[in-house]
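Colleague: I am new to reading protein models, and I would love to go through this one with you. Shall we put it on the screen and take it piece by piece?

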Amino acid sequence: MTTSIVDVEYTAFFLADDFILTWSTFRSGQPDTKTRRYDRQLRLWAASGQAALENARVLVISATATATSTLKNLVLPGVGHFTILDHRSVSPADVGNNFFLEGFSSLGKPRAQEAVRLLCELNDGVEGRADTSGLVGILVSDPFFLTTFDVVIAHNLPLVEFNALASILWNSKSKRHPTLAVVRSAGFIAEFYLQFREHAIIESHSDTAPSLRVDKPFPALLEYATSLDFDAMDSTDHAHIPYVVILVRALADWKAAHGGAAPKTYTEKNEFKAILRTMKKKFDEENFDEAEAQAYRCWTDSGIPSSVVALFRDPRLERLTWESHDTFFHLVAALDKFTQEPPYTLPLSSTLPDMKANTTSYIHLQNMYKKAAEEDKARFKSYLKVAVDDATVDLFVKNCHAIQLLKGRKWGELDRDPQALAKILAENPEGKELATHLALSALAMYEDKHQREQIQPTVEDLTAEAQGLLPAGVALPEAFGAAVGEVVRSPTADLPNTAAFLGGLVAQEVIKMITKQYVPINGYCVVDMVDMWTGIVPSS
């Protein structure tokens, strides 16, 4: 009988520099099929994000090359269900630019059905459906259908349809609160916009790490740091004191000699760093070098980030009752109460960064932080007015330093606000991002006015339309000429390379909305495949 290494209980030891890192003994089994399939993305958004993705329903309007490229990037990671709404049949132009049609064998067949069939081959765990109804009929007779999805993605629709779709979803009372992704492209330039009213993010995956609370150490940490006899330690132990402990001890000594005050002035801060250097027994003790590099933690207040404080001022916190179903605001209300008591900080995180230390001291420090974090979490839970599952509480407490509540704006509102456009232009006179947006908006307005005539627009036509969006006397951006030139050259071209790139960008932002992880773009994301750049036009 053969035994796989994954079926054996073992402890692994690794020698790193002059100390040992120990991996706890564990027993591991073979990962299941789903874990093997989605291994890489699970490292990005974990099981909770994958579950949200697999429960999501996505509607894509129009099976264009860009739309199917976007869907490809949602089907592969395992979106639960998608529907393609498209009443058109496959045309020769579609055969030439859409990879999710089967060449000329698809010609004349329903475009939605052909695209769904081929997209579903990418992932047998995804449910796909083709709907050959017309969007206009649904907008008039069955708008509720649109609100049964989590995300609606629409590419290159007529302006009147975009506006009607945006209004229906913006005013929807559905529990799903569907996000609308408006995608527009013309040749090598494009843009997309996510319409949502509000978007709460707990797992923003911020680059800012939670505070170690060096300036306000919890009692166990302070007692441990001040109880150590640094001078009596041998050189090996002394060289592996975690920098957190060094800083807490040095700060306690400093405060004792300075009336309880931390270093404030530039001179005092340099003096504090000099003290850290004098604490070395040997010149090459890296842990003391780390302490000096992290000394700013001693005079940086472990306060509440301004973005979190702004959430505490939301009037909805005052109206919360046990009958309220908005879990996010119940968590924020509990956090507000938590921060109003000493030490007036956010709940402690049990996560520690890497640092120079031996196994014993690092694990001891980690256990102290873990115990204190559990105590903070228990106190936080005592402020909750409603029952919240432990997994959500754990996530919130772990990430509360970087929670966000994004405020959205209805699609199209920016183009109806000349002063807002002028303000954006004043802040960036060259304005290549705004120039591209204005060129695409001008095309949409021109086509709306001449939809029956199907007249090819000229540079002069689109320039006049774009100028009409700005206040009188405000000139178009310097970069408008290049943008409008590309739009006039290829007003209806859905190019494969633009579609592939744009599809990846849109799918990425849609996944952020579905999983409620990472921070999505809040504005118009503009793409220029001629000069290869992307940019953002703020929505307000």
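Modeller: Happy to! Let us start with one pair: Ala186 stands opposite Ile189 in S8. Keep in mind that this is a predicted model.

Colleague: How many bridges pair strand S7 with strand S8, and in which sense do they run?

Modeller: Strand S7 covers residues 179–186 and strand S8 covers residues 189–195. We have just met one facing pair, Ala186 and Ile189 in S8. The two strands pair in the antiparallel sense, and the number of bridges is seven.

Colleague: What is the order of the strands in the open sheet?

Modeller: The sheet is built from eight strands, and their pairing is mixed. Neighbouring strands here are turned against each other by 15° on average, with direction ignored. Reading across the open sheet, the order is S5-S4-S3-S6-S7-S8-S11-S12.

Colleague: Which strands stand at the edges of that sheet?

Modeller: Look for strands that have a single partner strand, so that one side of each is left without a neighbour in the sheet. One of them covers residues 127–131. The edge strands are S5 and S12.

Colleague: Which helix packs on the sheet, touching S7 and S8 among others?

Modeller: The helix spans residues 496–515, and the strands it touches also include S3, S6, S11 and S12. Its direction makes about 15° with that of S8. This is helix H21.

Colleague: Which residues make up the covered face of S12?

Modeller: S12 is joined to S11 by six bridges, and the two strands run antiparallel. Along S12, Thr534, Ile536 and Pro538 form the uncovered face. Val537, which has Tyr524 opposite it, belongs to the other side. The covered face is Trp533, Gly535 and Val537.

Colleague: In the hairpin of S11 and S12, which residue takes a positive phi?

Modeller: There are four residues between the two strands of this hairpin. The phi angle in question is near 60°, and the residue is Met532.

Colleague: Is Ser539, in the segment after strand S12, buried or exposed?

Modeller: Ser539 touches Tyr193, Arg409, Leu414, Asn522, Gly523 and Tyr524, leaving aside residues up to four places away in sequence. Buried means under 20% relative accessible area. Because its relative accessibility is 6%, Ser539 counts as buried.

Colleague: How many of the 10 residues of helix H5 are buried?

Modeller: Helix H5 runs over residues 111–120. Its buried residues include Arg111, Ala115 and Leu119, and what covers them includes helix H3, strand S4, helix H4 and S5. The helix is largely enclosed by the rest of the structure, because the number of buried residues is seven.

Colleague: Which side chains of strand S9 point to the buried face?

Modeller: The side chains alternate along S9, residues 198–201. Glu198 and Ala200 point to the face that is not buried, and Glu198 stands opposite Lys407 in S10. The buried face holds His199 and Ile201.

Colleague: What separates the C-alpha atoms of Ile201 and Pro520?

Modeller: Ile201 has 0% relative accessibility, so it counts as buried. Among the residues it touches are Phe328, Leu406, Tyr518 and Pro520. Along the chain, Ile201 and Pro520 are 319 residues apart, and their C-alpha atoms are separated by 9.6 Å.

Colleague: How do helix H8 and helix H10 cross?

Modeller: Two packed helices are described by the angle between their axes and the distance between the axes. The axes of H8 (residues 219–227) and H10 (residues 243–257) come within 8 Å and cross at roughly 80°. That angle makes H8 roughly perpendicular to H10.

Colleague: How many residues in the contact of H8 with H10 are nonpolar?

Modeller: H8 brings Leu221, Leu222, Tyr224, Ala225 and Thr226, which meet Val244, Val245, Val248, Arg249 and Ala252 in H10. One residue of this contact is polar and one is charged. The number of nonpolar residues is eight.

Colleague: Last one: how far apart are the C-alpha centres of domain 1 and domain 3?

Modeller: In the domain assignment, domain 1 takes in 41–197 + 496–537, and domain 3 takes in 306–407. Their C-alpha centres lie apart by 35 Å.

Methods: Residues are numbered from 1 along each chain as its sequence is written. This is a predicted model: local features need pLDDT of at least 70, side-chain atom pairs count only at pLDDT 80 or more; totals for chains, interfaces and linings use all residues. Side-chain values use heavy atoms; hydrogens and water are left out. Axes are lines fitted to C-alpha atoms, for helices over the stretch in contact, and angles run from 0 to 180 degrees between N-to-C directions. Angles under 35 degrees count as roughly parallel, over 145 as roughly antiparallel, 65 to 115 as roughly perpendicular and the rest as oblique. Contact means heavy atoms within 4.5 Å. Ala, Val, Leu, Ile, Met, Phe, Trp, Tyr, Cys and Pro count as nonpolar, Asp, Glu, Lys and Arg as charged, and the others, Gly among them, as polar. Buried means under 20% relative accessible area, exposed over 50%, partly exposed in between (1.4 Å probe, protein chains only). Two strands pair if DSSP finds at least two bridges between them. Domain bounds come from an automatic or database domain assignment.
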